[in-house]
Each structure stands twice: as C-alpha cells, then as structure tokens.
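Work through these short exercises with the model open beside you. Try each task before you read its solution.

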Amino acid sequence: PETLDIDDLAEFKCMLRLVWMLHNKTGPDRYVPLGEVLTDRVLRRGLGTSEVDAGTEVRRGLRLALRRGTVMVRSLKRDGVTIQVLALNSEADTKAFDALLCDGDAVETATMEDTDIERPNIYGLYEDNIGLLNPMIAEELKGAEKTYPMQWIEDAFKEAVTRNKRNWRYISVILG
C-alpha cells in the first residue's frame, strides 16, 4: 500500500514550523511569505550545521512538502509588489486565497519552477541571508542584478555570510 508518511527530517521540520507560523498569524491572512520561512532562524538552526547547509535543507524540505501536496505556493500581488506565499493545501486556505481575489489582490497558483525554492535569485539570496525585503533595497538589488553576473552576486553574499556581515551595504562594497 502507498503511504503518505513523511520520512524526511527536513520536510517534517519544515511542515511543523510552517504550521506553527500559520497558527501564530493574526488577522485574515492564512499564509506565510516564502522569504519568512526561508529566513526563519529557528528552522535554519534545526536543519543545518552551517548557514549554507541550513538554507539548502530548508529549500529541500519545502520542495518535498510541495511535491507531496501538503503545502501550496501562490504568487500574491499587493500594492504593485509580488511575493510568493505558502499555505497548507487545505480547503480553508484555498477559500482564504479566493477571498483575497475578491478583495482585489492578484493571486496566482505558482508551480515549483515559478518559486524561489529551487535556486534563489538576488531577492531570494537577500531574504535567505539578510532578511525581508523593503522597496528601497529591492530597487538596489534590481540595479545590482543588471550590473553584475549572478555568480559574482552569489559569491558576495557567501563572503558576507562567512564574515557575519549581513547587510546590503557590505555586499555592495564587495561587488563594487
């Protein structure tokens, strides 16, 4: 018989933490921004021995949960900014996304290929290693993405993490 048991520790820990994060949400939003899960210090500490290993394990655990179908990912556009959000793949959470559509927010189903889970872009790197984005930093990141090759950007983030200098100013100096 086919089993739906979770047999991967990373997937199990990601699911437990996501359920906890969703439970602690207040208000009508029944989702967690992907960047918030990827940068969650408790989850990262529980999954990796180093920052790079932890980020890889969080991504792997989320990827497994998405493939299993216990988690859904959506692209949510609010105030001109598109973010990817995670929710449980339940009837209640699907209805909550439908309600967002009625409120005028754009919600699209995202596939694994659409998400930042597989390989982070510059925004994913920032959220994984520094924290949540704000519009000013997003503009600076967009400029850096146009100016520098992605490999240089990834190397600069790794250098900053290694030196525990987790801020965009330090990374931009490395790139410049």
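The exercises below concern a predicted model, and each task is followed by its solution.

**Exercise 1. The overall layout**

Task: State how many helices and strands the protein chain has, and in what order they run.

Solution:
- Step 1. Count the elements. The chain has nine helices and four strands.
- Step 2. Read from the N terminus. The order is α-β-α-α-α-β-β-α-β-α-α-α-α.
- Step 3. Check the burial. Of the 176 residues in the protein chain, 41% are buried.
- Step 4. Look at the contacts with a separation of 6 or more. Residues 24 or more positions apart account for 58% of them.

**Exercise 2. The largest nonpolar core**

Task: Find which elements each supply at least two residues of the largest nonpolar core.

Solution:
- Step 1. Start with the core itself. The largest nonpolar core holds 19 residues. Leu18, Val37, Val58, Leu62, Val71 and Leu86 have the most contacts inside it.
- Step 2. Assign the elements. At least two residues of this core come from each of α1 (9-23), α2 (34-38), α3 (41-47), α4 (51-68) and β2 (71-78).
- Step 3. Find the main supplier. α1 gives the largest share of this core, six residues.
- Step 4. Look for another core. One of 13 residues lies apart from the largest, and Tyr126, Leu141, Ile153 and Phe157 are among its members.
- Step 5. Zoom in on one residue of the largest core. Beyond its neighbours within four places in sequence, Val71 is in contact with Met15, Leu18, Ala65, Leu66, Leu86, Ala87 and Asn89.

**Exercise 3. Aromatic pairs**

Task: Find how many aromatic pairs the whole structure has, and describe each one.

Solution:
- Step 1. Recall what to report. The distance of the centres and the angle of the planes describe a pair of aromatic rings.
- Step 2. Search the whole structure. There are two aromatic pairs.
- Step 3. Take Tyr148 and Trp152. Their centres are 6.3 Å apart, with 35 degrees between the planes, and the pair is tilted.
- Step 4. Check their exposure. Tyr148 has 22% relative accessibility, so Tyr148 counts as partly exposed. Trp152 has 49%, so Trp152 counts as partly exposed too.
- Step 5. Take Phe157 and Trp168. The ring centres are 6.2 Å apart and the planes stand at 40 degrees, so this pair is tilted.
- Step 6. Place this pair in the chain. Phe157 is in helix α8 (residues 150-162) and Trp168 is in helix α9 (residues 168-175). The two residues are eleven residues apart, and the pair links distant parts of the chain.
- Step 7. Check the burial. Both Phe157 and Trp168 are buried.

**Exercise 4. Helix α6 and helix α8**

Task: Work out how α6 and α8 are arranged, and which residues make the contact.

Solution:
- Step 1. Look at the axes. Those of α6 (residues 122-129) and α8 come within 11 Å and cross at roughly 5 degrees.
- Step 2. Apply the cut-off. Angles under 35 degrees count as roughly parallel. Therefore α6 and α8 are roughly parallel to each other.
- Step 3. List the residues. α6 uses Ile122, Leu125, Tyr126 and Asn129. α8 uses Met150, Ile153, Glu154, Phe157 and Val161.
- Step 4. Sort them by class. The contact has seven nonpolar, one polar and one charged residues.
- Step 5. Judge the surroundings of α6. Seven of its eight residues are buried, so α6 is largely enclosed by the rest of the structure. Gly124, Glu127 and Asp128 are among the buried residues.
- Step 6. Move past the end of the helix. Gly131 follows α6, and its phi is positive, near 160 degrees.

**Exercise 5. Two loop residues**

Task: Decide whether Arg30 and Asn164 are buried, partly exposed or exposed, and find what lies around them.

Solution:
- Step 1. Place Arg30. Arg30 sits in the loop between α1 and β1 (32-33).
- Step 2. Read its exposure. Arg30 has 41% relative accessibility, so Arg30 counts as partly exposed.
- Step 3. Find its partners. Beyond its neighbours within four places in sequence, Arg30 is in contact with Leu22, Ala87, Ala92, Asp93 and Ala96. The C-alpha atoms of Arg30 and Ala87 are separated by 6.6 Å, although the residues are 57 residues apart along the chain.
- Step 4. Place Asn164. Asn164 is in the loop between α8 and α9. Its relative accessible area is 58%, so Asn164 is exposed.
- Step 5. Check a distance. The C-alpha atoms of Asn164 and Asn129 are separated by 9.9 Å.
- Step 6. Check the backbone. Most residues other than glycine have a negative phi. Asn164 has a positive phi, near 55 degrees.

Methods:
Residues numbered from 1 in each chain as written. Predicted model: local features only at pLDDT ≥ 70, side-chain atom pairs only at ≥ 80, totals over all residues. Heavy atoms only, no water. Core = buried A, V, L, I, M, F, W, Y, C linked by side-chain atoms within 4.5 Å. Buried < 20%, exposed > 50% of the residue type's maximum accessible area, 1.4 Å probe, protein only. Contact = heavy atoms within 4.5 Å. Phe/Tyr/Trp six-rings, centres within 6.5 Å; stacked < 30°, edge-to-face > 60°. Axes fitted to C-alpha atoms, helices over the stretch in contact; angles between N-to-C directions. Parallel < 35°, antiparallel > 145°, perpendicular 65-115°, else oblique. Nonpolar A, V, L, I, M, F, W, Y, C, P; charged D, E, K, R; others polar.
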